[in-house]
Amino acid sequence: MADLEKAMNYCFKNLQILENALCHSSYVNEQALVLKNNERLEFLGDAVLSLVIGHLLMEHFREMREGDLSRIRASLVNERQLASVARKLNLGNHMRLGRGEEQTNGRNKDSILADAFEALVAAVYRDGGFDAVFGFVSLCFIPIIRDMDVEESINDAKSRLQEEIQMRYKTTPSYRIVGEEGPDHDKVFHVEVSAEKICARGSGKSKKIAEQDAARKALGMLKKH
């Protein structure tokens, strides 16, 4: 765990909290011992992360409107971004996973990594308090905030869709590739986004463009509801 703590620039007083944050439910379900998975910490970490990111954005963008701040925050705390941050910490290598997840490359799944990062945020908060978690989240996200394309984030259809879905249904949209066509040098991707009763498909020359197209169509559907 020492190399993870070094990457985090934080030393835990209670290592049990850290171990809990790294314990996936698939591992707990296979053990005879009484262990806790990281789902409760993930729940807390989601709220703590949102608070700290909100604070960082208000400090960095002092004149920005609330709606734009919300869209930028949504682009920072989505599954893909959190998984990217988790990979920089090499978090997957420290996780305890069940055999099924090990066999299906669970250590590199965006969903598992993003959830583990949120659990890690909660672990730091419970172990060291707000100042400690503020420092940890700042270390991870200030470079991203400084380098981000603000205009793209504000106009990002995926972020706007996530914001709307969370507000209406208290969940997040999920994306999946439903098809590919064309040669490698001129491929077209087809992506489906779904959440509750909303389901839309989009296409594009890259997965990112296809996801944005699907999100824009889903936003159009939401306006009719």
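Me: Which residues carry the "active site" label in UniProt?

Reply: The unreviewed UniProt entry puts that feature at Asp46 and Glu118. UniProt positions follow the numbering used here, feature names are shortened, and annotations may be inferred rather than shown by experiment. Before we go on: this is a predicted model, where local features need pLDDT of at least 70, side-chain atom pairs count only at pLDDT 80 or more, and totals for chains, interfaces and linings use all residues. Residues are numbered from 1 along each chain as its sequence is written, and side-chain values use heavy atoms, with hydrogens and water left out.

Me: How do you know that Asp46 and Glu118 cluster in space?

Reply: They are spread over 73 residues of sequence, yet the largest C-alpha distance is 5.6 Å. Both also belong to the lining of the largest pocket. For the record, the grid is 1 Å over the protein atoms alone; a cavity is a set of points where a 1.4 Å probe fits but cannot get out, a pocket is an open set with protein on both sides within 12 Å along at least five of seven lines, and lining residues have an atom within 4 Å of a point.

Me: What makes Glu118 buried or exposed?

Reply: Buried means under 20% relative accessible area, exposed over 50%, and partly exposed in between (1.4 Å probe, protein chains only). Glu118 has 9%, so it's buried. Asp46 comes in at 43%, so that one is partly exposed.

Me: Where do Asp46 and Glu118 sit?

Reply: Asp46 is in helix α4 (residues 39–60), and Glu118 is in helix α8 (residues 110–128). Helices (H or I, at least four residues) and strands (E, at least two) are DSSP runs, numbered from the N terminus. Leaving aside neighbours within four places in sequence, the contacts of Glu118 (heavy atoms within 4.5 Å) include Asp46, Glu42 and Leu82.

Me: Why do you say that the "binding site" residues gather at one spot?

Reply: That annotation, again from the unreviewed UniProt entry, covers Glu42, Asp115 and Glu118. They span 77 residues in sequence, but no two of their C-alpha atoms are more than 5.9 Å apart, so they gather at one spot. The lining of the largest pocket includes Glu42, Asp115 and Glu118.

Me: Why is Glu42 called partly exposed?

Reply: Its relative accessible area is 21%, so partly exposed is the right label. Glu42 belongs to helix α4 and, outside its neighbours within four places in sequence, is in contact with Asp115, Glu118 and Ala119.

Me: What makes a set of residues a nonpolar core?

Reply: It takes buried Ala, Val, Leu, Ile, Met, Phe, Trp, Tyr and Cys residues joined through side-chain atoms within 4.5 Å. The largest such core has 49 residues, and Met8 and Phe117 are among those with the most contacts inside it. Helix α8 provides the largest share, 11 residues. There's also a second, separate core of 12 residues, which includes Ile165 and Ala214.

Me: How do you know that the buried residues of α6 are on the same side?

Reply: The residues in question are Leu82, Ala83, Val85 and Ala86. They cover an arc of only 160° around the axis, which puts them on the same side of α6; that arc is taken from the directions from the helix axis to the C-beta atoms. The buried residues of α6 pack against α4, α5, α8 and α9.

Me: What makes the Asp68 and Arg71 pair a polar contact?

Reply: The definition asks for a pair of N or O atoms within 3.5 Å; within protein, one must be able to donate a hydrogen and the other to accept it, and residues adjacent in sequence count only if both atoms are side-chain atoms. The side chains of Asp68 and Arg71 make such a contact at 3.1 Å. Asp68 is in helix α5, and at 9% relative accessibility it counts as buried.

Me: Why is Gly98 called buried?

Reply: Its relative accessible area is 0%, so it counts as buried. Gly98 lies in the loop between α6 and α7 (99–103). Apart from its neighbours within four places in sequence, Gly98 is in contact with Ser26, Tyr27 and Glu30.
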